[in-house]
Amino acid sequence: MPTARRPSRFRLPPDVRPTRYDLHLEPDLDGGTFRGEVRIALRLARPRAEIVLHAADLSIERASAQAGGREVTARVRLVRTDEAVALRFARPLPAGETTLALRFVGRLNQHLRGLYAAGADGRRYAFSQCEAADARRILPCFDEPSFKARFRVAIRVRDGETALSNGPVEGEEAVPGGRVVRFAETPPLSTYLLALAVGQLEASAPRLLGPVPIRVWHVPGKGRLTDFALEAAAEALRRLQDYFDIPYPYGKLDLVAVPDFEAGAMENAGAVFFRETLLLLDPATASLAERKRAAEVIAHELAHMWYGDLVTMAWWDDLWLNEAFATWMAYRVVDDWRPEWRMWQGFEHDRAGALAMDALASTHPIYAVVHSVAEATENFDAITYEKGAAVVRMIEHYLGPDAFRDGVRRYMRRHREGNTVAADLWRALEEASGKPVARVAQAWIAQPGFPLVSVAPARAGAGAALAVHQERFYADPGVPAARRRAKWPLPLVVKWGGTDGAATERFLVERVRDTVALPTGALPPWYFANAAAGGFYRVAHDPADRAALLAALGSALTPVERLALAGDQWALVRSARASIESFLDVADALGEETDYDVLDGIAGPLDVIDEQVAEPGSAMQAGFRAWIARRFGPQLERLGWAAAAGEDDPTRLRRAALVRLLGGVAEAPAVLAEARRRLDVYLADRGALEPNLADPVVSLAARVGDEALYERYRAALTAAATPQERRRFLLSLGSFRTRVTRERTLAAVLTPEIPTQDVAILLMRLLANPAAGGEAWKFMTRKWGALRRRIPPLMISRLVESTPALREPRYAREVARFFRAHPVPEARRAVRQALEVFRLNAELRRRTAPGLGRWLAARA
Ligand SMILES: [Zn+2]
C-alpha cells in the first residue's frame, strides 16, 4: 500500500540555468527499457561544487562536467523524496558556462507518465507525457517551467520503427539493426513540453499551411481517419497566426494519435499528442458532438503553441494563464470556423459544470498557491479550465474584442520565448484598453467562488431602476451569512424587452448593494440579468419578474439564456433559496423546447432529482419518470427515430437529446425497447443508424441487455472500425446490469483488454450504474494497490469525484475512512469535494422530497 508521505516542496535554486540539452536516447521496446546520454549546457551565476537537478526512476551510471577545459567526474547522490539528484564535484565549477554529461538507464513504465510503454494490435510503442513534472523520468533535467532551454534530440530506432520529437527531422544515419534519427534544435522550451514517440507509426500526406507541413501520425491502418483533423488543424492554425500576429514558431506540426493516453491531448511544441478518439474520425459515422469535441481540442492544443509554449507561466500557480486562455481561444476559433455549430451555446454546459464545482465550500481560486507537484496536478480541473475561460470571456466582453486582442498581441511580442506571471498580461491589456483590467481581473482569479446576484425592481417610483445585491453563492444552505459576505467587480449585462425587440445595457457593479437604471422610462415587461450567459455568476430574479420571464420564455430569451435561467433556478433549489417546485415549473415550461442544448441542460438536474431525491424503485421515482415521459415523449414520437432525408443537424441533435432524456433519465420502457431494436440494426450495419444516436443507443441497450448481448459488445469493441466506436462499446460494458455481466466487467478492468487510459472512466460508469455501484466500490477498495499503480493521478481524482453516485450516507463514511487510510496527495481536494457533495445530496433529499411528491400528485 502506498504510504502517506507529505509531497515534497523542493524547488531548484535559480543560479544554475540550463541553456541546451543534447539528448541521445535508445529505447528498447521489446525489453521495456531505455538508455540515454545527455549533455546539458549550463550557465552558473556563481561557483558551485554541487549541482542539483531532477531525476526520478532513473539510474545514473556516470556524471561529469567540463570545467576549464578538463573533465571532472561527479559523485552522484539520489534524493528520492525530492525526485532529485545531487552531483558533487571534487572542486567547485567556476561561474559562467559549463557542460554536464550524464549517462543513465530507465524502464518504459506502464502508467502513462514519463516515457511509457503502450501497445496496439500486438505492436509495442513508447510515448512521452511530461506535464506536469515527468520529464525527470526520461532524463536528468531542470524540470520546472521557468528553466527554458533548447533541445537537440537524437533517437536510435530499430528497423521498421519511426521516431518523432518536437523538431523537424534533420538527418538520419544507419547503424547496425536500425538508424539514428536526429531532430533539429528547438527554440527554448520548458521541459514539460518535451515530446518523444517511437514505434511503427504512419503519417498522412502533409497538408501545407504556408511553409508549415501539418501531418497526422497514427498506428498502421488508420490512414483513412485523418482528413477531419488535418482540416480542423489547418483552419485553427491560420486563425491563430492571425490572432497572435506571430507566425507558427515550431517549423512543422505533427498531430500524433496515441493508442493509450491519460489526458485528452498534450500541447508538446511541434508534436501534439492526442487520444485516438479526439484525432481520428470517420466523417461518415462520427456524431456532431464527436466532431465538435475533436475540433475544439485540436484548436485548444494549437492555441497553446503560442499561449503556453512560446510564452509560458513562470510556475504552476499560474497554470490557469495557459489553460483558461487556450480553452477560451478554442471556442472562439471553432466558432469562427463553423458558426453553425454554436460553440458558445455548448460552452454553457462547461460553465454550468464549473459553477457547480465552484459553489462548493471546498473549491479553490483560479489562482492557487502551488507548493508541490501534487498540488499542481490537482489544479487541472474545471475551475482552472472552464471557470478561467469564462472569466477571460467576461474580460474580453468588458474591454471589447479589438482592445483585448491588441493587448494579447502586445503581451505575446513582449514575452515570446520567456516566462510570465498574470500581472504581465493585465499590464498589456491595460495599455491596450486604458481600462483598470488588473483590479477587475484580479478579484475574479484570486477570490474563490462567484457571486449570487439578486435583482428586483428598486423602490416604487424609481422608474426603470433595478436594485442589485451580490454575495458569495454556496450550494450548502447551512453556510452562515457572515461567510457569504463578499463582492466582485461585476460586469453585469442586462437584457430587457423593449417596444421594438430586446435591448441590452452594460454595468460594472462594484458594491454589495447598488442600483442600476435601464435607459427606459418605466420598467419593461421583462428583463434578464445575464445576457448571453456571458457572466460567471448566478442570478436570483425577483419571483414576479421570473414569472414574467417564464411567460415570455420562447420569444424573450435565446437558447443559451434559457439554459442559464434553468441552471440558475436549479442552483437556487440546491441552496434552499427556492422550492423544488419552482424548478419543476421551469422544466415543465420547457416541455415543448426544441433546442438540443437546452434539453441536454435540463436533463442534468432532472437526473439528479431522479437518482438523488427520489428513492430508487419508489412510487415517487416511477411518478417522476412518468411525468418526464408525458411531458417530453410526444416530441420524440412526432420526430421518430429515423432521420428524414436532408434533415438538419439541430433536428438530429434534438432527437438524440430526447432519447437521452427519455431513455437515460426516465428509463421509459418504450424508449429502452426501441434502443434495443435499433442496436441490432446498428450491429448489422454501422451506417444504418443516425450517427448522433449511436452513443445513446449503445449505452441504453446495455441497460436492458443480457449475457448474449454482452458478448456481442466485447466482440464489437475488438473489431471496431473507429476509435469512437471502440470507446462506445467499451464504456457501455459498465452499463450492463445482470450479475454475470457486472462480474465479467470488473474482472476485465485490470487486464490488458482495458487500456490504462479507460480504466478509471469504466469504473466511473460502474459507480453510476445502480445495479453495480456498490460492487464497483468494493472492487476499488480491494484492488486499490493495483489500481493506484496503474491509474495516473489525474484520473484518480476524477474517480474520487464520481463516488457520490453511490448515494447512500454509509458510502460517504466508507469513502472518508478509506481515503484517510489510503491518502492520495493529488486527490486530497477531490476527496473533500466528494464528501461535500454526498452531504449536500442527503440534505437536498431530506428537504425537497416532500415537495417533489406534492408537485407530482398535483399532476397525476
Ligand atoms: Zn490545455
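Donors here are N, O and S atoms within 2.8 Å of the metal, and water is not among the atoms, so a site may look incomplete. The model is predicted.

**Stop 1: the zinc ion.** Select the zinc ion and show its surroundings. The protein donors are His300 through NE2, His304 through NE2 and Glu323 through OE. They lie 2.0 to 2.1 Å from the zinc ion. Along the sequence, the donor residues follow the spacing H-x3-H-x18-E.

**Stop 2: the helices behind the donors.** Now select residues 288-306, which form helix 2 and hold His300. Add residues 319-337, helix 3, where Glu323 sits. His300 and Glu323 are 23 residues apart, and the pair links distant parts of the chain.

**Stop 3: exposure of two donors.** Show the protein surface and look for His300 and Glu323. Are they buried or exposed? His300 has a relative accessible area of 7%, so it counts as buried, the cut-off being under 20%. Glu323 is buried too, with a value of 1%.

**Stop 4: the sheet.** Move to the strands. Ten of them make an open sheet with mixed pairing, in the order 3-6-5-4-7-2-1-10-13-12. To find the edges, select 48-54 (strand 3) and 169-175 (strand 12), each of which pairs on one side only. On average, neighbouring strands of this sheet are turned by 20° against each other, direction ignored.

**Stop 5: one strand pair.** Within the sheet, select residues 16-28 (strand 1) and residues 33-44 (strand 2). The two run antiparallel and are joined by twelve bridges. Finish at His24: which residue stands opposite it in strand 2? The residue facing His24 is Glu37.

Conventions. Residues numbered from 1 in each chain as written. Predicted model: local features only at pLDDT ≥ 70, side-chain atom pairs only at ≥ 80, totals over all residues. Heavy atoms only, no water. Donors = N, O, S within 2.8 Å, 3.2 Å for Na, K, Ca; no water. Helix = DSSP H or I, 4+ residues; strand = E, 2+ residues; numbered from the N terminus. Buried < 20%, exposed > 50% of the residue type's maximum accessible area, 1.4 Å probe, protein only. Pairing = 2+ DSSP bridges. Axes fitted to C-alpha atoms, helices over the stretch in contact; angles between N-to-C directions.
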